[in-house]
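Here is a short report for a first look at this model. Keep the sequence and the 3D view side by side as you read.

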Amino acid sequence: MRIAAAAMLSLALLAPAAGAAPAHRAAGGAPARDWSATVTRAPSGGYVLGNPRARLRLVEYASLTCSHCAAFSAEGWPALRANYLRRGLVSLEMRHAVRDRADLAASLLARCAGPRGYFATLERLFAAQADWLPKAAAAPEGDPADTPAAREAALVATADAADLPAIARAAPAAAAACLRNPAEQKALGAMTDEAWGVRHIAGTPTFLINDKMADGSSWKLLEPQIAAALR
């Protein structure tokens, strides 16, 4: 179903939350560059982990309120980092497909960490999802008026109720500023529109391998496709 970015973000603001491979070595025995901590920003607005010129470009459309995305973070990311990202064979671009207000709050706070802290913050948010998501769902509705001020107040209230600033390791003032950041809201809106309205993804997580839709959403199904694409 096609969903405009503005409508999706308005909904998100108002609605409650529903074995490592051996090290690759360069000539002479010296360790090759470790790309697993390299982060760049893509034209899409998403952040890319790994070699930006890797032969295989993996894109993940994810939601921070999606339990399957949290499961992939726990199972797939460590193997992906150890076996492919570290050696520069694959890059991983994260694109947000925002589903609800808690998702938007968590996504804004993850991006608040900037490129260097972004993926570590995502991992903490996914790891603690089962704890903070029920708190976000129980957050007060707030002012029902559909105004920018009311929507932003509801967003901050949801983040505070779920302890998201603490998980993101953002000071209160910095967290509030990030939640109200119009540029980051716009970037998330563009990614959301691209995910649901252009790619027409069926759900999250959804993956692209070199811009082609992958089959399946688990590491067990995805890893053979990555290996085959690298042959």
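## Helix α3: length and cover

Start with helix α3 in this predicted model. At 1.5 Å a residue, the 12 residues of α3 should span 16 Å. The end C-alpha atoms of α3 are 16 Å apart, which agrees.

Helix α3 covers residues 101-112. It is mostly covered, with 11 of its 12 residues buried. The buried residues of α3 include nonpolar names such as Ala102, Leu104, Ala105 and Leu108. Arg101, Asp103, Ser107 and Arg111 are also among the buried residues of α3.

## Two partners for α3

Helix α3 meets α8 first in this account. Their axes come within 9 Å and cross at roughly 115°. The crossing of α3 past α8 is right-handed. On the α3 side, Ala105, Leu108, Leu109 and Cys112 make the contact. On the α8 side, Ala174, Ala175, Cys178 and Leu179 do so. Which kinds of residue, nonpolar, polar or charged, form the contact of α3 with α8? The contact has 8 nonpolar residues, no polar and no charged.

Now take α9. The axes of α3 and α9 come within 10 Å and cross at roughly 120°. This crossing is right-handed. Helix α3 brings Leu104, Ser107, Leu108 and Arg111 to the contact. Helix α9 brings Glu184, Gln185, Ala187, Leu188 and Met191. The residues of this contact divide into 5 nonpolar, 2 polar and 2 charged. Leu108 is listed in the contact with α8 and in the contact with α9.

## His96, a buried strand residue

His96 lies in strand β4, residues 90-96. Is His96 buried or exposed? His96 is buried, because its relative accessible area is 3% and the cut-off for buried is under 20%.

Leaving aside neighbours within four places in sequence, His96 is in contact with Ser107, Arg111, Leu188, Met191 and Thr192, among others. Ser107 and Arg111 belong to the α3 side of the contact with α9. Leu188 and Met191 belong to the α9 side. His96 also has contacts with Ala62, Leu64, Tyr118 and Leu122. Gly45 is 51 residues from His96 along the chain, and their C-alpha atoms are separated by 9.5 Å.

## The nonpolar cores

In soluble globular proteins, nonpolar side chains tend to be buried together. The largest nonpolar core here has 53 residues. Within this core, Leu58, Trp132, Leu164 and Ile226 touch the most other members. Helix α2, residues 67-85, gives the most to this core, with 8 residues. A second, separate core has 7 residues, including Ala97, Trp196, Ile201 and Leu208.

What does Leu164 contact, leaving aside its neighbours within four places in sequence? It is in contact with Ala102, Ala105, Ala106 and Leu109. It is also in contact with Leu125, Trp132 and Ala159. Ala102, Ala105, Ala106 and Leu109 are among the buried residues of α3.

## Helix α6 and the turn after it

Helix α6 runs over residues 148-161 and has 14 residues. It reaches 20 Å from its first C-alpha to its last, close to the 20 Å expected at 1.5 Å a residue. Its buried residues are Ala150, Arg151, Ala154, Leu155, Val156, Thr158 and Ala159. Just after α6, Asp163 takes a positive phi of about 60°.

## Unusual backbone spots

Most residues other than glycine have a negative phi, and most peptide bonds are trans. Arg169 is not a glycine, yet its phi is positive, about 60°. Arg169 is found in the loop between α7 (164-168) and α8 (172-179). At 66% relative accessibility, Arg169 counts as exposed.

The loop between α9 (182-198) and β5 (206-209) holds Pro205. A cis peptide bond joins Thr204 and Pro205, with omega of about -5°. His200 is in the loop between α9 and β5. Its phi is positive, near 55°. His200 is partly exposed, with a relative accessible area of 46%.

Arg199 is found in the loop between α9 and β5 too. At 25% relative accessibility, Arg199 counts as partly exposed. Arg199 and Met213 are 14 residues apart in sequence and 9.1 Å apart in space, C-alpha to C-alpha. Beyond its neighbours within four places in sequence, Arg199 is in contact with Tyr61, Glu194, Leu208, Asp211 and Met213. Leu208 is also a member of the second core.

Note on methods: Residues are numbered from 1 along each chain as its sequence is written. This is a predicted model: local features need pLDDT of at least 70, side-chain atom pairs count only at pLDDT 80 or more; totals for chains, interfaces and linings use all residues. Side-chain values use heavy atoms; hydrogens and water are left out. A nonpolar core is a set of buried Ala, Val, Leu, Ile, Met, Phe, Trp, Tyr and Cys residues joined through side-chain atoms within 4.5 Å. Buried means under 20% relative accessible area, exposed over 50%, partly exposed in between (1.4 Å probe, protein chains only). Helices (H or I, at least four residues) and strands (E, at least two) are DSSP runs, numbered from the N terminus. Contact means heavy atoms within 4.5 Å. The expected span of a helix is 1.5 Å times one less than its number of residues. Axes are lines fitted to C-alpha atoms, for helices over the stretch in contact, and angles run from 0 to 180 degrees between N-to-C directions. A crossing is left-handed if the near helix is turned anticlockwise from the far one by less than a right angle, and right-handed if clockwise.
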